[in-house]
Amino acid sequence: MGSDVDPPTLLESALTFMQERSLLCCLHFFGSKELHPFFLEKVQDFPLQPRAVYHPCADVISMQDPPIRSVLRKRLASLCQSFFSLRKGQIGGLISCANTGALVSAAKLFLPSMPRISRPALCAIIPTKQRPIALLDVGANTSLRRGHMLQLALMGAAYQKACGIHSPKVALLNIGQEASKGGTLLQRCYQQLRDQEALFSFVGNLEPQGFFEGDGTADVVVTDGVLGNIFLKTAEAVIECVEDILRQEKTVPPIHALARYFTSRAPGALLLGVKKLIIKCHGHTSIAGVLASIEALLEMLDNRLLEKMEAAL
């Protein structure tokens with residue numbers, strides 16, 4: 001319940017959504033003890049029990065808390081409690097708007113990793129002119145180490161294989177197409193990805209304008225977590241800005257359909273690299289974005305996404 005949206009409003013919206021869609025699942029809410037009476041009152045208005053459960057938690061990890069230290073010391077926080085339930089198999093997946101660093105740290109500390117993967121990464125599915133592209137990392141890691149970019153490529157390729165793309169093409173986000181473009185680190189990453197072509201099809205560097213063509217040049221684009229996060233948030237901000245301008249001009253926004261998949265109303269990013277399904281939403285994600293994430297998570301569970309990814313790695 002870590003969204004900027006008022007927790008009671010978010011909780012009530014999720015309950016209403018569950019009833020209206022006749023979702024055949026059980027929603028578990030992890031939040032403060034203070035919100036528990038509100039839940040008990042509201043759930044009486046919905047014929048949901050026992051398909052809605054509230055877990056009152058005695059502590060919270062704020063956006064300002066140091067990630068690793070907080071996860072280690074605040075075991076009664078809602079984030080940690082949700083991970084314990086996830087690890088035990090009491091819940092099938094997790095959606096969180098919480099502190100990104102704490103979320104990634106908890107995943108690393110409490111959950112088993114995918115084969116050949118040492119560090120989780122956030123993957124956003126980006127709509128383009130023609131076909132969606134998996135972009136990672138979009139914020140889980142702020143620095144790169146040797147071999148990390150290769151792991152991003154492996155995870156992205158495994159995800160696209162699990163989604164039905166037989167031979168995914170992987171590109172490196174850069175300022176130009178030539179191998180010599182970018183700083184020393186990007187040049188080294190280019191060489192490393194090129195030398196591992198037996199594991200996936202590496203198509204070289206891809207510039208941002210080429211990214212949005214979505215013409216099949218790449219199915220997966222990899223970058224470090226800082227650049228990926230800036231890329232994603234800039235694209236979201238541009239979409240929302242243009243939509244607002246068109247609305248002020250009283251023009252029917254031609255990008256309205258795209259905005260549903262690429263703004264605070266869109267599902268969050270998928271945390272790849274661990275053996276549990278986790279969707280990380282922005283702290284400012286709207287109610288519509290959280291509800292879209294619920295639908296996306298249920299679809300992934302139905303399609304056995306993690307099992308298919310593990311087989312592809």
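Is Ser293 buried or exposed? Buried: its relative accessibility is 0%. Keep in mind that this is a predicted model. All the values I quote are computed from it.

Let me stay with Ser293. It sits in helix α11, which covers residues 287-302. Its side chain reaches back to the backbone oxygen of Gly289, at 2.9 Å. What else does Ser293 touch, beyond its neighbours within four places in sequence? There are contacts with Ile95, Pro267, Gly268, Ile279 and Cys281.

Next, Phe83. This residue belongs to helix α4, residues 78-88. Phe83 has a relative accessible area of 0%, so it counts as buried. Leave out residues up to four places away in sequence, and Phe83 touches Leu94, Leu103, Ala106, Ala107, Phe110, Leu111 and Ile278. Now a distance. Phe83 and Glu178 are 95 residues apart in sequence. In space, C-alpha to C-alpha, Phe83 and Glu178 are 43 Å apart.

Set that beside Cys97 and Thr285. This pair is 188 residues apart in sequence. Yet their C-alpha atoms are 7.5 Å apart in space. Cys97 lies in the loop between β3, residues 93-96, and α5. Cys97 is buried, because its relative accessible area is 7%.

That brings us to the cysteines. How many disulfides does a search of the whole structure find? Zero. A disulfide, remember, is a covalent bond between the sulfur atoms of two cysteines. Take Cys189 as a case. Why is there no bond there? The closest cysteine sulfur is in Cys123, and it is 17 Å from the sulfur of Cys189, so it is too far for a bond. The cut-off for a disulfide here is 2.5 Å between sulfurs. Cys189 is also buried, with a relative accessible area of 7%. Cys241 has 41% relative accessibility and therefore counts as partly exposed.

Now the backbone. Most residues other than glycine have a negative phi, and most peptide bonds are trans. Here are some exceptions. A cis peptide bond joins Leu136 and Asp137, with omega about 15 degrees. Asp137 is in the loop between β5, residues 133-136, and α6, residues 148-162.

Then two arginines. Arg116 is not a glycine, but its phi is positive, about 70 degrees. Where is Arg116? In the loop between α5, residues 100-110, and β4, residues 121-126. Arg116 is partly exposed, because its relative accessible area is 49%. Arg304 is not a glycine either, and its phi is positive at about 55 degrees. Arg304 is found in the loop between α11 and α12, and α12 spans 305-312. That is the α11 we met with Ser293.

Last topic: empty space. Rolling a probe the size of a water molecule over the atoms shows where it is left. How many cavities of 30 Å³ or more does a search of the whole structure find? One. The largest cavity holds about 30 Å³ of space. Which residues line it? Ile133, Leu206, Gly210, Phe211, Gly214, Asp215, Gly216, Thr217 and Ala218. By type, that lining divides into four nonpolar, four polar and one charged. Glycine is counted as polar in that split.

To recap. Ser293 and Phe83 are both buried, at 0%. The search finds zero disulfides. Leu136 and Asp137 share a cis peptide bond. Arg116 has a positive phi, and Arg304 has one too. Questions, please.

Conventions
Residues are numbered from 1 along each chain as its sequence is written. This is a predicted model: local features need pLDDT of at least 70, side-chain atom pairs count only at pLDDT 80 or more; totals for chains, interfaces and linings use all residues. Side-chain values use heavy atoms; hydrogens and water are left out. Helices (H or I, at least four residues) and strands (E, at least two) are DSSP runs, numbered from the N terminus. Buried means under 20% relative accessible area, exposed over 50%, partly exposed in between (1.4 Å probe, protein chains only). A polar contact is a pair of N or O atoms within 3.5 Å; within protein, one must be able to donate a hydrogen and the other to accept it, and residues adjacent in sequence count only if both atoms are side-chain atoms. Contact means heavy atoms within 4.5 Å. On a 1 Å grid over the protein atoms alone, a cavity is a set of points where a 1.4 Å probe fits but cannot get out, and a pocket is an open set with protein on both sides within 12 Å along at least five of seven lines; lining residues have an atom within 4 Å of a point. Grid points are joined across faces, edges and corners, and a volume is the space filled by probe spheres set on the points.
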